[in-house]
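The following account leads the reader through one structure, moving from single residues to the sheet, the core and the aromatic rings. The sequence and the coordinates should be kept in view throughout.

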Amino acid sequence: MKLSHLLTPELIKVGLENSTKEKIIQELIDIVVAQGLVSDTDQAFMDVMSRELQQSTGLEAGIAVPHGKSTSVDQLVGALGISEEGIDFASLDGKPSHLFFLLIAPPNMSGPHVRALANIAKFSQNSRYRNMLTEASSSEEAYRIIKQAETEDI
Amino acid sequence: MSFKTRPEKIMVFVEANEESITAAQYAVCLARWLNCELYAVYVVDVKTLHDLLKAKIFVEMEEMDYQHDLEEDGRRYLNYVRDLAESKGVHIYTDLLKGDVVAEIQRKVEEIDVDLLVMGKLEEPESRRDFYYNDGERIFRRTPCPAIMVKEDEPVRLMYDQL
């Protein structure tokens with residue numbers, strides 16, 4: 001599933017307010033909860049954190065992809081949080097993370113979940129769009145950048 | 001592909017979506033009208049799972065877990081397609097494969113000498129990348145045998161129901 005199909009401007013937050021892993025994940029979950037996409041906030045948090053405890057999803061180049069399967073959703077849901085300053089998310093390269101892609105999928109929807117993760121991986125490889133997204137000043141602008149990246153062949 | 005006066009082997013490419021079911025219904029109709037052997041193939045995309053592991057988005061346990069889920073999806077869809085065929089008196093061979101989706105379909109088409117590949121409607125490409133790298137697009141363009149894409153679901157469903 002394409003990021004532009006998964007996300008809307010309402011599911012993107014520019015300027016994350018928190019600075020610890022747990023609180024960032026909760027802040028991302030709050031975005032999808034606000035859109036009525038999650039039935040059980042605590043369950044969603046526990047499911048994402050339980051994956052996070054196996055190995056940090058803080059990757060390289062400022063990208064983090066907290067994700068998990070959860071019965072708290074009935075479709076694949078996602079949110080994007082952006083921090084221009086960067087946050088310590090125990091990333092693989094030890095550098096601060098700037099772009100946080102949250103994905104939560106119901107247990108029986110692994111296909112779309114895998115495809116969405118693959119699209120995030122693809123997006124992450126393009127430093128130009130990564131930087132543009134990190135510097136986006138609004139959720140609308142961030143969404144436009146994602147859409148542009150997809151149509152311009154990242 | 002050897003010379004034949006009519007298609008003898010039809011293969012339907014099954015994915016976990018509604019479009020594949022429509023394609024399967026059409027393939028069942030074709031197989032019965034033309035008295036063909038019918039095959040249904042689903043490929044578990046383990047290449048993407050490996051890529052996600054390499055990118056460190058997945059941990060090993062997670063890769064295995066998702067592979068298991070995708071295999072279950074594949075079995076469920078193939079069983080459904082088998083029911084569609086058998087309920088119309090058409091025998092069907094089903095195969096759950098693992099690997100690179102495009103390569104596996106191409107290999108299977110050659111292995112069983114398929115005369116006609118049937119697949120579901122593809123999403124409208126939004127970029128050149130979609131056009132060149134989408135698995136369905138690549139299968140449709142690269143398959144060594146004739147291929148048809150089943151576009152309309154309602155007429156096909158009616159056709160299947162009346163078979």
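**A guided reading of the structure**

B:D73 is found in helix α3 of chain B, which covers residues 60-86. The model is a predicted one. Is B:D73 buried or exposed? Its relative accessibility is 8%, and B:D73 therefore counts as buried, the limit being under 20%. Leaving aside residues up to four places away in sequence, B:D73 touches A:N108, A:G111 and B:Y42.

A residue of chain A may be set beside this one. A:S127 is found in helix α5 of chain A, residues 127-134. At 38% relative accessibility, A:S127 counts as partly exposed. Its C-alpha atom is separated by 20 Å from that of A:D88, and these two residues are 39 residues apart along the chain.

The sheet of chain B comes next. Five strands form an open sheet, arranged in the order β3-β2-β1-β4-β5, and their pairing is parallel. Why is one side of β3 and of β5 left without a neighbour in the sheet? Strands β3 (92-99) and β5 (147-150) of chain B stand at the edges and each has a single partner strand, so one side of each remains without a neighbour there. On average, neighbouring strands of this sheet are turned by 25 degrees against each other, direction ignored. Within the sheet of chain B, strand β1 (residues 9-14) and strand β2 (residues 37-45) pair in the parallel sense over six bridges. In this pairing, B:V12 stands opposite B:A40 in β2(B). Helix α2 of chain B (residues 46-54) packs on the sheet, where it touches β2 and β3 of chain B. The direction of helix α2 makes about 5 degrees with that of β2(B).

Attention now turns to the nonpolar interior. The largest nonpolar core has 84 residues, and those with the most contacts inside it are A:L80, A:F101, A:L133, B:L38 and B:V118. Helix α1 of chain B (residues 18-34) gives the most to this core, contributing eight residues. B:L38 can serve as an example: among the residues it touches, not counting those up to four places away in sequence, are B:I10, B:A27, B:V28, B:A31, B:V90 and B:I92. A second core, separate from this one, has 17 residues, including B:I112, B:L117, B:I139 and B:C145.

The aromatic rings complete the picture. Over all chains, the count comes to four aromatic pairs. One of them joins A:F101 and A:F123, whose ring centres are 6.2 Å apart and whose planes stand at 70 degrees, so the pair is edge-to-face. A:F101 lies in strand β5 (residues 97-105) of chain A and A:F123 in helix α4 (residues 110-124) of chain A, so the pair ties together parts that are 22 residues apart in sequence. Both A:F101 and A:F123 are buried.

In chain B, the rings of B:Y39 and B:Y93 have centres 4.9 Å apart and planes at 20 degrees, so this pair is stacked. The pair links distant parts of the chain, with B:Y39 in strand β2 and B:Y93 in strand β3 of chain B, 54 residues apart. B:Y39 counts as buried at 12% relative accessibility, whereas B:Y93, at 40%, counts as partly exposed.

Charged side chains also sit over rings. A:K69 lies over the face of B:Y66, at 4.5 Å from the ring centre. The ring of A:Y129 has the charged end of A:R128 over it, 4.8 Å from its centre.

Key
Residues are numbered from 1 along each chain as its sequence is written. Chains are lettered from A and ligands numbered from 1 in the order in which they are written. This is a predicted model: local features need pLDDT of at least 70, side-chain atom pairs count only at pLDDT 80 or more; totals for chains, interfaces and linings use all residues. Side-chain values use heavy atoms; hydrogens and water are left out. A nonpolar core is a set of buried Ala, Val, Leu, Ile, Met, Phe, Trp, Tyr and Cys residues joined through side-chain atoms within 4.5 Å. Buried means under 20% relative accessible area, exposed over 50%, partly exposed in between (1.4 Å probe, protein chains only). Helices (H or I, at least four residues) and strands (E, at least two) are DSSP runs, numbered from the N terminus. Contact means heavy atoms within 4.5 Å. Two strands pair if DSSP finds at least two bridges between them. Axes are lines fitted to C-alpha atoms, for helices over the stretch in contact, and angles run from 0 to 180 degrees between N-to-C directions. Rings of Phe, Tyr and Trp (its six-membered ring) pair if their centres lie within 6.5 Å; planes under 30 degrees apart count as stacked, over 60 as edge-to-face and the rest as tilted. A charge sits over a ring if NZ of Lys or CZ of Arg is within 6 Å of the ring centre and within 35 degrees of the ring normal.
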